[in-house]
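Let us walk through this fold step by step. Keep the sequence and the 3D view open side by side.

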Amino acid sequence: MKPIVQISLDLTNIDEALETAAMALRAGVDWLEAGTPLILAEGLHGVRKLREAFPNVPIVADLKTMDGGYLEAEMMAKAGADYVVVMARAHEETIECVVQAGRDFGAKVMGDNLGCPDMVAGAKMLEDLGCDIVIHHIGYDERRGIAAQGRRMPSPMDQLKEVVDAVSVPVQAVGGLSLEQAIACPKYGAPLVVLGAPLTIDADAFKTADGNLEESLRLICQAVHAYGDVPLKK
C-alpha cells in the first residue's frame with residue numbers, strides 16, 4: 001500500500017476547518033479527517049461541507065462510536081464520509097453493526113484500540129470483526145495524566161510493530177507522536193500517517209498552529225510519500 005498522509009481537522013469551526021483542509025491538500029495531504037472536536041461542534045453539517053468542498057478527497061469521520069453503531073455509521077456515510085471510526089472497547093455487536101452499515105452504505109471502517117488492556121489483542125479483534133483499518137491509539141487524557149504523575153508518557157511506537165505483525169489490514173498510529181515518529185510510521189509497516197494535535201494543531205486550544213504550516217506539511221508529505229509501497233500481510 002502506498003503511504004497516505006491524513007490530516008485531522010481537530011477544530012471547532014467549519015470555516016476554519018475548510019480553510020485548513022484546502023491548505024493541507026495544496027501541501028500534498030491525501031485524506032481529510034473530520035476530527036472529534038469538529039464533529040461535536042458541527043456534526044453531519046461539518047462532514048457535508050467537507051464533502052461539498054472536496055468531492056474527490058477521502059474523508060474520515062472520527063466518531064469514536066461506542067453504541068448505536070449502525071445508525072451513526074449510516075448517517076456519516078450518507079453525509080459523505082468514506083471512513084467511520086468505531087472503538088474496540090465497544091461491545092462486539094456494535095462493531096459488527098458499524099461494519100454492516102459500512103457495507104450497506106459504502107463506507108470503510110476504522111477500528112480504534114484506545115483503552116484496550118491488551119492493545120495487540122484489541123487490534124486483532126477489530127480485524128476479526130471486519131474492520132478495514134486498525135488505529136493503534138494512545139489517548140490524549142491517558143498520556144497527559146501519566147505525564148502529570150511524573151511517569152513516562154506511553155507512545156503508540158511502544159507496540160506499533162507488534163500490532164502491525166498481528167493484523168493483515170493497514171495500521172495507523174495515533175497519539176503524541178513527534179513529527180519524526182509520524183514520518184517514520186511506514187518504516188514500521190504502518191502506511192497511514194495521521195497529522196493532528198499536537199503535530200500541526202495546538203493540542204490545548206484545538207486551533208491551527210502558528211508558523212508556516214503549509215510548507216511544513218509539504219515537507220512532511222514529501223518525506224512520507226518517499227517511502228514507496230508498504231507491504232501488508234496476506
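An axis here is a line fitted to C-alpha atoms, for helices over the stretch in contact, and an angle runs from 0 to 180 degrees between N-to-C directions. Two packed helices are described by the angle between their axes and the distance between the axes. One more point before the tour: the model is predicted.

Begin with two helices. Helix α3 spans residues 69–79, and helix α4 spans residues 92–105. They pack at an angle of about 30°, and their axes lie 7 Å apart. Angles under 35 degrees count as roughly parallel, so α3 is roughly parallel to α4. Their crossing is right-handed.

Now look at the residues that meet. From α3 come G69, Y70, A73, E74, A77 and K78. From α4 come T94, C97, V98, Q100, A101, D104 and F105. By class, this contact holds seven nonpolar, three polar and three charged residues.

Next, turn to the strands. Eight of them close into a barrel, in the order β1-β2-β3-β4-β5-β6-β7-β8. The pairing is parallel. Neighbouring strands of this sheet are turned by 25° against each other on average, direction ignored.

Take β1, residues 4–9, as a worked case. Is this strand buried or exposed? Six of its six residues are buried, so β1 is largely enclosed by the rest of the structure. In a regular strand the side chains alternate between the two faces of the sheet. In β1, I4, Q6 and S8 point one way, while V5, I7 and L9 point the other way. Both sets are buried.

Which strands does β1 pair with? One partner is β8, residues 192–195, in the parallel sense over four bridges. There, I7 has L195 as its bridge partner. Another partner is β2, residues 31–34, again parallel and over four bridges. In that pair, L9 has A34 as its bridge partner.

Move along the barrel to β4, residues 83–87, and β5, residues 108–112. These two run parallel and are joined by five bridges. Within this pair, V86 is matched with G111.

Finally, put helices and strands together. Helix α4, already seen beside α3, lies across β3, β4 and β5. Its direction is at about 175° to β4. Helix α9, residues 213–225, lies across β1 and β8. Helix α9 runs at about 145° to β1. The strands β1 and β8 beneath this last step are the parallel pair joined by four bridges.

Key: Residues numbered from 1 in each chain as written. Predicted model: local features only at pLDDT ≥ 70, side-chain atom pairs only at ≥ 80, totals over all residues. Heavy atoms only, no water. Parallel < 35°, antiparallel > 145°, perpendicular 65-115°, else oblique. Left-handed = near helix turned anticlockwise from the far one by under 90°. Contact = heavy atoms within 4.5 Å. Nonpolar A, V, L, I, M, F, W, Y, C, P; charged D, E, K, R; others polar. Buried < 20%, exposed > 50% of the residue type's maximum accessible area, 1.4 Å probe, protein only. Pairing = 2+ DSSP bridges.
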